[in-house]
Amino acid sequence: MKGLDSLDWVVITAYFLILLAVAWWVIKQKQKNTEDYFLAGRNIGWFIVGASIFASNIGSEHVVGLAGNGAGDKMPLLIYELHAWIVLMLGWVFLPFYARSGVFTMPEFLEKRFDSRSRWVLSVVSLIAYILTKVSVTIYAGGVVVSALLGIPFWIGAVATVVLTGIYTVLGGMRAVVYTETIQAVVLVLGAGILTFLGLDAVGGWGELKETIGPEYFNMWRPNSDPDYPWLPLFITSTVVGIWYWCTDQVIVQRVLSAKNIKEGRRGSIFGALLKLMPVFLFLIPGVIALALKMQGKLHWDSPDEAFPVLMSNLMPSGLRGLVAAGLLAALMSSLASVFNSCSTLFTLDIYKKLRPEKPEEELVKTGRIATFFVVGLGLLWIPIITTLSDGLYEYLQNVQAYISPPIAAVFLLGIFYKRINANGAIATLIGGFIIGFGKLTLEIVKSSFTEGSFIYAIADINWLVFGAYFFALCIGIAVVVSMMYPAPSQAQLQGLTFGTISPEQRAENKASYNWVDIVTSVLIIAIVGYIMISFSTMAL
């Protein structure tokens, strides 16, 4: 793998100087209270919201892991990158309820819809989930990228990027995060787009790529008898994970909550959905190209997760190589910054403020900054576990999310669509789901210690996609059955928080927040998603 030369370093240095200048400008703005620090004063426009949604989603784990899927015959996992239609759900379905409730966090919304118990449980589960998925995976991927690009030991690269990102996140809060993420999104798209173009040229074009790999390689739909990626469980579980991630997760939803109003937040989600269509072409296809070049004898790499950095270092000319390297570092930093800020928001507002309600706003901002450091440390400790769960970084991420998301997705969906669900049904689903999900995760980690053929081994060995689908159905059942055993919530408690309790005034206000352009753009995005799903099948190719 080729190293970076002087011009590459000039480009990377220039990029970071611009980034730090923007961060410094934001840091100098006064942040008097929690709304300023955690939600950027609720004054962000749609373009910044959409770019921030995209940048906080596309981290190094996507760049490295998605390209690894393309290079490692895991095309079915492409479905997780076709969730633009679920991003639209955030703006069209969920955002009006969140905005009307005036909440800062998702646990706070559950407290308004159900009770304080749900807020406590979701706060704790979310923080644990961030450490298991977002923090540790992003740090791990960042270490891989930085060590590959700069030729330094993995741990030094991982810790260095964490420290740099943590500094401006802690000092600048949400406003620093969203503005720097906008710059990072532009750099990432530009750099990866150039790499895809050069890669196709190097392999001999799209036709030669299909010829080298074989048309069947591109098929993302496998029969239900497939032991790894049966299509129906894949579709169900990926949708559940998508609803949890895009519509109820603090990291993403915090971006639309920082918008000036519902109109700007919805348009931000539509723009974010449009950007979400790009990773297939920017990251997955380069992985396939790297495999084709390896088969043609023009490239060498050992692990599929190395495909993107190796392709970049060998194909990109001097200067552009530095731009893509900056894009990779941007992806890492934007994801880390998003998670750091959201973790501190959850801890400060949903845990610390509940325990110390008398604390002034300045003290809460200070607490949020301190909380970031503890989350980072726990994420670093979890990294060694990642390699025991999966041979691919991206698959590990989706694997763990399949065990975390079903109870949360079930509670939010039923909470908004079904007014009969009450606090007891919600808390039973969250706690029961938490125990079941982490029980399965634990069994999977220690599976090798069980006797093959035993009952407990069989449970541990259940395909994660199949388990995720049944797990979601079980969570729906728990919520409905337990709710029916207790009285229904009062109309006053539910006012404006479910579809069945929206007032005529609220309906009119929501209708006035969009126009035909928003509708047409949304329909177009859904059509593109459908076209890609059909295109990536053996019959279509």
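## Exercises: helices and cysteines

Helix 3, residues 46-57, has 12 residues and spans 17 Å from first C-alpha to last, close to the 16 Å expected at 1.5 Å a residue. The model is predicted.

**Exercise 1.** Determine how many of the 12 residues of helix 3 are buried, and name them.

*Solution.*
- Step 1. Apply the cut-off: buried means under 20% relative accessible area.
- Step 2. Count. In helix 3, 10 of the 12 residues are buried, and the helix is mostly covered.
- Step 3. Name them. The buried residues are Ile-48, Val-49, Gly-50, Ala-51, Ser-52, Ile-53, Phe-54, Ala-55, Ser-56 and Asn-57.

**Exercise 2.** Classify the packing of helix 5 against helix 10 by angle and by handedness.

*Solution.*
- Step 1. Take the axes. Those of helix 5 (residues 84-101) and helix 10 (residues 231-248) come within 9 Å and cross at roughly 50°.
- Step 2. Classify the angle. It is not under 35 degrees, and it does not fall in the 65 to 115 range. The two helices are therefore oblique to each other.
- Step 3. Assign the hand. Helix 5 passes helix 10 in a right-handed crossing.
- Step 4. List the contact. Helix 5 supplies Trp-85, Ile-86, Val-87, Met-89, Leu-90, Phe-94 and Tyr-98. Helix 10 supplies Thr-239, Gly-242, Ile-243, Trp-246, Cys-247 and Thr-248.

**Exercise 3.** State how many disulfides the structure holds, then decide whether Cys-247 and Cys-475 are buried or exposed.

*Solution.*
- Step 1. Look for cysteine sulfur pairs within 2.5 Å. The structure holds zero disulfides.
- Step 2. Take Cys-247. Its relative accessible area is 0%, so Cys-247 is buried.
- Step 3. Take Cys-475. Its relative accessibility is 0%, so Cys-475 counts as buried.

Conventions:
Residues numbered from 1 in each chain as written. Predicted model: local features only at pLDDT ≥ 70, side-chain atom pairs only at ≥ 80, totals over all residues. Heavy atoms only, no water. Buried < 20%, exposed > 50% of the residue type's maximum accessible area, 1.4 Å probe, protein only. Helix = DSSP H or I, 4+ residues; strand = E, 2+ residues; numbered from the N terminus. Expected span 1.5 Å × (residues − 1). Axes fitted to C-alpha atoms, helices over the stretch in contact; angles between N-to-C directions. Parallel < 35°, antiparallel > 145°, perpendicular 65-115°, else oblique. Left-handed = near helix turned anticlockwise from the far one by under 90°. Contact = heavy atoms within 4.5 Å.
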